[in-house]
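Me: I am new to this structure and would like to learn how to read it feature by feature. Could we take the general idea each time and then turn to the case at hand?

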Amino acid sequence: MAKRLERYVRHLRYVRPERYERYAWAGWAVVALGLALASDLGPHRVWGMVAGAGYVIAAALACGARSRPAARVIAVAGAVVVPLVSLVTAGLGQLEITVVEWSGQLLLTTGSPYVADPTAVADFNPYLPGTALFGVLPGDARWWLGGAFVAALTAAGLNRAWLLACPLVALPLAVGGIDLPVVGLMCLGVVFAERGQSGRAGLVLGAAAALKWTAWPALPVALALIAVRRGGRTALRYAVAALPTATVAVLPFALAGPAGFYRSVIAFPLGLTDIASPAASPLPGLLLATYVPGGKVIALALLAVSALLIAVSLMVRPPVTARAAAVRLALGLGLAMALMPSTRFGYLVYPLTLGALAYRMQQRGSTTATPVTPVTPSKEEAAV
């Protein structure tokens with residue numbers, strides 16, 4: 001399946017997406033306005049109405065070749081900038097923004113971002129300790145979350161208007177999305193890994209892994225990519241940078257309060273607590289856990305099997321380009337998001353963004369050579 005997906009991405013190299021922009025804007029207008037009508041969440045309704053209007057205007061402008069750049073600006077402004085400013089000003093956002101900001105305050109006052117015995121949904125902090133730093137920073141956490149995402153995409157060469165304006169990205173940018181900086185750093189780390197900048201790749205992916213568990217699959221994928229392209233010594237330098245960065249940020253809090261850490265970070269996202277997670281989109285894992293006897297165990301078993309298959313694929317057919325690594329991650333995380341007992345459609349931002357990276361690398365003509373000869377380390381690598 002991974003090989004077939006890679007072949008499909010390779011064929012996309014010859015597609016001229018600007019020809020279809022007006023259809024994308026029009027389709028996304030339908031999605032946004034539909035969300036505004038169907039959702040019972042105030043921030044989502046606000047985003048849907050504002051973004052829907054922006055998409056409609058963008059679709060009209062995109063009919064002419066000369067006005068396409070203006071259409072992209074309108075789409076990003078209508079889907080991201082205007083609703084973000086409006087919602088922040090009104091103090092409206094998703095629960096996860098409250099959780100991030102509250103965890104930051106807990107970190108400052110108690111030394112830990114976790115409650116030892118959470119009793120309500122708002123008490124659970126399902127994120128790793130690094131996310132609390134966004135809550136420590138002044139102002140609304142959305143500015144910092146979105147800024148980190150955009151900065152990472154820009155550094156990875158993936159700052160595309162259509163990606164920012166896509167509902168799966170624009171909605172969390174406006175209402176709050178911790179997954180955005182995570183996947184942004186994953187993309188940047190994969191790009192560094194292909195370049196052979198093992199120290200930078202390790203630091204970036206280690207930082208992503210300190211934010212949320214969803215970044216952890218990127219660590220072995222990047223390791224395999226570096227090993228097959230640059231050899232074992234460079235892969236070791238990567239590991240020396242990545243693993244301490246992640247473990248130093250996570251392990252002290254896990255050891256200081258293991259009960260609270262387990263309940264919030266492991267049990268709650270997997271649906272193993274008495275209090276149900278609000279992440280309840282009707283994807284296969286949730287449907288299994290809800291309607292099939294023993295379905296939660298089945299879903300977790302399928303999740304474990306999919307992770308094992310991805311791990312085996314890294315040994316049998318390791319990725320040799322950033323494009324191949326991004327495709328492997330998109331496939332693996334797509335399976336994981338679909339099979340988790342507690343999941344939501346917003347998690348699809350991972351395969352979307354990683355797929356966009358694969359497409360972008362294919363457009364650039366990502367190299368396919370697989371040197372395993374020793375490479376002279378850069379100053380940055382030698383310092384790690």
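Me: Leaving aside its neighbours within four places in sequence, which residues is Trp 47 in contact with?

Reply: A general idea helps before the list: in soluble globular proteins, nonpolar side chains tend to be buried together. In this model, which is a predicted one, Trp 47 is in contact with Ala 32, Leu 35, Gly 52, Tyr 55, Ala 79, Pro 83, Pro 167, Ala 170, Leu 171, Ala 174 and Val 175, once its neighbours within four places in sequence are set aside.

Me: Which members of the largest nonpolar core touch the most other members?

Reply: That core has 91 residues, and Trp 25, Trp 47, Tyr 55 and Met 186 are the ones that touch the most other members. Its largest share, eleven residues, is supplied by helix H10, which covers residues 179–195. Another core, of six residues, lies apart from it and includes Tyr 114, Leu 128, Phe 261 and Val 265.

Me: Several contacts of Trp 47 fall in the stretch from Pro 167 to Val 175; how many residues of helix H9 are buried?

Reply: Helix H9, residues 167–175, is mostly covered, with eight of its nine residues buried. The buried ones are Pro 167, Val 169, Ala 170, Leu 171, Pro 172, Leu 173, Ala 174 and Val 175. After H9 comes Gly 176, which has a positive phi, near 125°.

Me: How should I read two helices that pack together, and at what angle do the axes of H2 and H3 cross?

Reply: Two packed helices are described by the angle between their axes and the distance between the axes. Here the axes of H2 and helix H3, residues 42–61, come within 7 Å and cross at roughly 160°. Angles over 145 degrees count as roughly antiparallel, and H2 and H3 are therefore roughly antiparallel to each other. Their crossing is left-handed. Among the residues that meet there are Trp 25, Ala 29 and Leu 35 in H2, and Trp 47, Tyr 55 and Ala 58 in H3.

Me: Where is Ala 29 found, and is Ala 29 buried or exposed?

Reply: Ala 29 belongs to helix H2, and it counts as buried because its relative accessibility is 5%, where the cut-off for buried is under 20%. Apart from neighbours within four places in sequence, Ala 29 is in contact with Gly 52, Tyr 55 and Val 56. The C-alpha atoms of Ala 29 and Ala 58 are separated by 9.4 Å, although these residues are 29 places apart along the chain.

Me: How many salt bridges are there, and which residue pairs with Glu 21?

Reply: Side chains of opposite charge can pair when their charged atoms come close. The count comes to three salt bridges. In one of them Glu 21 pairs with Arg 72, the closest N and O atoms being 2.7 Å apart. This pair links distant parts of the chain, since Glu 21 is in helix H2 (residues 21–38) and Arg 72 in helix H4 (residues 68–90), 51 residues apart. Glu 21 counts as buried at 12% relative accessibility, whereas Arg 72, at 29%, counts as partly exposed.

Me: Which residue forms a salt bridge with Lys 212?

Reply: Lys 212 forms a salt bridge with Asp 179, and the closest N and O atoms are 2.6 Å apart. The pair links distant parts of the chain, with Lys 212 in the loop between helix H11 and helix H12 and Asp 179 in helix H10. Lys 212 is buried, with a relative accessible area of 5%, and Asp 179 counts as buried at 8% relative accessibility.

Note on methods:
Residues numbered from 1 in each chain as written. Predicted model: local features only at pLDDT ≥ 70, side-chain atom pairs only at ≥ 80, totals over all residues. Heavy atoms only, no water. Core = buried A, V, L, I, M, F, W, Y, C linked by side-chain atoms within 4.5 Å. Buried < 20%, exposed > 50% of the residue type's maximum accessible area, 1.4 Å probe, protein only. Helix = DSSP H or I, 4+ residues; strand = E, 2+ residues; numbered from the N terminus. Contact = heavy atoms within 4.5 Å. Salt bridge = Lys/Arg side-chain N within 4 Å of Asp/Glu carboxyl O. Axes fitted to C-alpha atoms, helices over the stretch in contact; angles between N-to-C directions. Parallel < 35°, antiparallel > 145°, perpendicular 65-115°, else oblique. Left-handed = near helix turned anticlockwise from the far one by under 90°.
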